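Work through the exercises below with the model open. Each task is followed by its solution.

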Amino acid sequence: MGYILTEEGFQAALKELRKEYRLFAPVRKRGAGRFLDIDAVIYDEVGEGTEIELEAKSDYSAKEALTPLSETLFFFTEAQCKEADVDLRPALVFLRSCDLQAMKRLDQMYLGNGRENDWFYQRRREKIQYVLIGCSHSFDNCFCVDMKSNITKDGYVFSIDKADGQYRVNVLETAVDPVFAAAALSEEAVEPCHVTENEVRVRVPENIPLEIVNHPLWDEYNTRCIGCGRCNYACPTCSCYTMQDVFYTDNGKVGERRRVGSSCMVDGYSNVAGGGQYRKKQGERMRFKVLHKIRDYRKRFGYDMCVGCGRCDDICGEYISFSNIINKVAAAVEEMEKEDSKNA
């Protein structure tokens, strides 16, 4: 069912929804960017609809609603363990199509990976539903069209598009239909806006041979990449983490276990017992990350891990472009295929 709402009607609808749901949405934080005169758009719980940033792309994804950067899993003493309390009230998370597709990839990794479900993830996921923010235009560095994440037709409670001072809402879940019916200016068919063309284009090879790991294209990142991991933390599908046991100073046998976000691009992540370290060079780490996004994940699940949101390109302090790397891989694969056919 589709509805047209005024500003007042939209705020009234969200106020009504807040009686049952917590609302997480992109919020503009003044002066919270890389410099004091630069804003940052990050996810936070909102109390008013006016706080929600619907126009700009968020600098970070919505994944922290499901996988906080630092999360206490349980507390322990010498004889007991207690699970950490979590706010499990139902929540609505506002996100764009690429991010909603990314959340489906997180579900795949945590809940559909051929092993037991991650219980700590699952208990949050069962309480979260999504609100689709329509995209009327492509943002800088986005390549969602080529990654097939620009359109989402299901998996959300309602969609929201703002244009000409009005809000266009498409409701898929009948449970919230009365809320918008009561606040609507009119009722009509609404189709969520979606991007049909990006300025940035990528070519993802259908088959990437394993021999690509030895290609010299990775060598340039030994010096260009500084291993800060910002690309991983901004990426909506990166899910690497480490476990940390924190012991309290008053009693060294009492403490808590935390799951803390980590990164395949930073020093120490691939260290193993005995002092071994895999992927010492930044080029090796870049190779691992890229091939995981466009080769390994697809071989396991049938679709790419990367959703083309472009945040890795946006946030990289060394101006390394992930979309450019994908195209370099495509060119290298073509080169290898030509060489193979010539030698056949």
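**Exercise 1: the edge of the sheet**

Strand 2 (residues 22-29) pairs with strand 3 in the antiparallel sense, over seven bridges. The model is predicted: local features need pLDDT of at least 70, side-chain atom pairs count only at pLDDT 80 or more, and totals for chains, interfaces and linings use all residues. Residues are numbered from 1 along each chain as its sequence is written, and side-chain values use heavy atoms, with hydrogens and water left out.

Task: find which residue in strand 3 stands opposite Val27, and place strand 3 in the sheet.

Solution.
1. Strands are DSSP runs (E, at least two residues), helices likewise (H or I, at least four), numbered from the N terminus; two strands pair if DSSP finds at least two bridges between them.
2. Opposite Val27 is Ile42.
3. The open sheet has eight strands in the order 3-2-6-7-8-9-1-10, with mixed pairing.
4. Strand 3 (40-46) and strand 10 (186-187) are its edge strands, each pairing on one side only.

**Exercise 2: rings around Tyr297**

Task: classify the ring pairs of Tyr297 with Phe301 and with Tyr303.

Solution.
1. Rings of Phe, Tyr and Trp (its six-membered ring) pair if their centres lie within 6.5 Å; planes under 30 degrees apart are stacked, over 60 edge-to-face, the rest tilted.
2. Tyr297 and Phe301 have ring centres 4.7 Å apart and planes at 55°, so this pair is tilted.
3. Both residues lie in helix 7 (residues 282-301), four residues apart, about one turn of the helix.
4. With Tyr303, Tyr297 forms an edge-to-face pair, at 5.4 Å centre to centre and 75° between the planes.
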